[in-house]
Amino acid sequence: TDSNVFRATTTAPVNIAVIKYWGKRDATLNLPTNSSLSVTLSQRSLRTVTTASCSPNYPATEGDTLTLNGKPENIQASKRTLACLSSLRALRKELESADPSLPKLSSYPLRVVSENNFPTAAGLASSAAGFAALVRAIADLYELPQSPTELSRIARQGSGSACRSLQGGYVAWRAGVKEDGSDSLAEEIAPASHWPEMRALILVVSAEKKDVPSTTGMQTTVSTSPLFATRAEHIVPRRMTGMEEAITKRDFAAFADLTMRDSNNFHAVCLDSEPPIFYLNDVSRAAIRLVNDINRLAGKTVAAYTFDAGPNAVIYYLDEVSELVGGTFKTILGGELEGWEGPFGDRLKGVSAG
Ligand code: PMV
């Protein structure tokens, strides 16, 4: 009966890094070669909704199941999902052994149902929101007392960038030094309310699945790019400090400069890999030129572009230049900002950050 079903529903937002995670020092635990920093986007636009349930009535033969955008996924084939589920179950078991009066949820099969409101695996950080929502939903179902930072260790095993989606605002993922990953955690460095003027515009250049999945791409880069070590050891550590300072001071020009340089440096190590990895296309490059034009026209840096493992652009800007940024993209590409289809089959979405 329904009263025997335990259930929790949650949503998790997408985060877009301004200092990129690219490279693993441990591929099983998803330990990164460098720290990274992201802005969590507003849940109004891009998010995953996930419901986790468990019940003694769910047939044990079915085991744990995951439905993603209406399609059943094979969890057994996903070591990452299995790692998240078993870490969460272990924490629930600890609670149950400390308090024998608690229902034995850890022994029941789990059902996880997840929906994205944006294209999956198109360089729109779907895995980040997906694994963050999965971990949050099961942690809520199990009534786990762990903080978002402690849960970030579990989400990280699902997808590295997911560890940054359990918190809002500006989130740093500290690479850590320990082999067991216990110090590789995400922490909120400022809430969204710290910088309410921050905005993000997402230019959906292509909703197709990306060519080279991030894990494969990272491995190619780490093992073949001579530029990579300089990025991981020298360039990123300095930028992390600079970026935290820019955010603390709400210095948009410094934030934008570091964001664009770091996106370019990430795509440079991709190009420096063997075989080279191309995530940007002609539309991406047109977006870069447009942002440069906007900044030149404004006489100061008012907009910043960044690209993940795909051609879609994310443009960060402050509310005061919304018309300039939105207007320029609209005039050049035509149409409306929301759900707009343009000459390249592109789509622009205006969303607020934080
Ligand atoms: O979390 P993953 O394994 O999908 O890797 C994400 C990598 C980038 O999106 C390119 C950068 C980042 O920091 O999010």
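Let's start with one residue pair: Ala-172 stands opposite Glu-187, a residue of strand β11. The strand that pairs with β11 here is β10, covering residues 170-173; the two run antiparallel and are joined by 4 bridges. Please keep in mind that this is a predicted model, with a mean pLDDT of 89 for the chain.

**The sheet and the helix across it**

- Strands β10 and β11 belong to an open sheet of 4 strands, in the order β2-β5-β10-β11, and the pairing is antiparallel.
- The edges of this sheet are β2 (15-19) and β11 (186-190); each has a single partner strand, so one side of each is left without a neighbour in the sheet.
- From one strand to the next, the twist averages 35°.
- Helix α5, made of residues 228-249, lies across β2, β5 (36-40), β10 and β11.
- Relative to β2, helix α5 runs at about 115°.

**Two positive phi values outside glycine**

- Take Asn-30 to begin with: its phi is near 55°, a positive value in a residue other than glycine.
- You will find Asn-30 in the loop that links β3 (24-26) to β4 (31-32).
- Asn-30 has 25 other C-beta atoms within 10 Å, and it counts as buried because the cut-off for that class is 20 or more.
- Arg-250 is not a glycine either, yet it has a positive phi of about 50°.
- Arg-250 sits in the loop between α5 and α6, and α5 is the helix that lies across the sheet strands β2, β5, β10 and β11.
- Arg-250 has 15 C-beta neighbours inside 10 Å, so it falls between the limits of 12 or fewer for exposed and 20 or more for buried, and it counts as partly exposed.

**A cis peptide bond**

- The peptide bond leading from Glu-274 to Pro-275 is cis, and its omega is near -5°.
- Pro-275 belongs to the loop between α6 (252-271) and α7 (282-298).

**How confident the prediction is**

- Of the residues in the chain, 89% reach a pLDDT of 70 or more.
- Residues 335-354 are a stretch to read with this in mind: the pLDDT there is below 50.
- That stretch, 335-354, nevertheless has 56 contacts in the model beyond near neighbours in sequence.
- For the model as a whole, the scores are ipTM 0.99 and pTM 0.91.

Definitions and conventions: Residues are numbered from 1 along each chain as its sequence is written. This is a predicted model: local features need pLDDT of at least 70, side-chain atom pairs count only at pLDDT 80 or more; totals for chains, interfaces and linings use all residues. pLDDT is the predictor's confidence in each residue, from 0 to 100. Two residues are in contact if their C-beta atoms, placed from the backbone, lie within 7 Å. Two strands pair if DSSP finds at least two bridges between them. Axes are lines fitted to C-alpha atoms, for helices over the stretch in contact, and angles run from 0 to 180 degrees between N-to-C directions.
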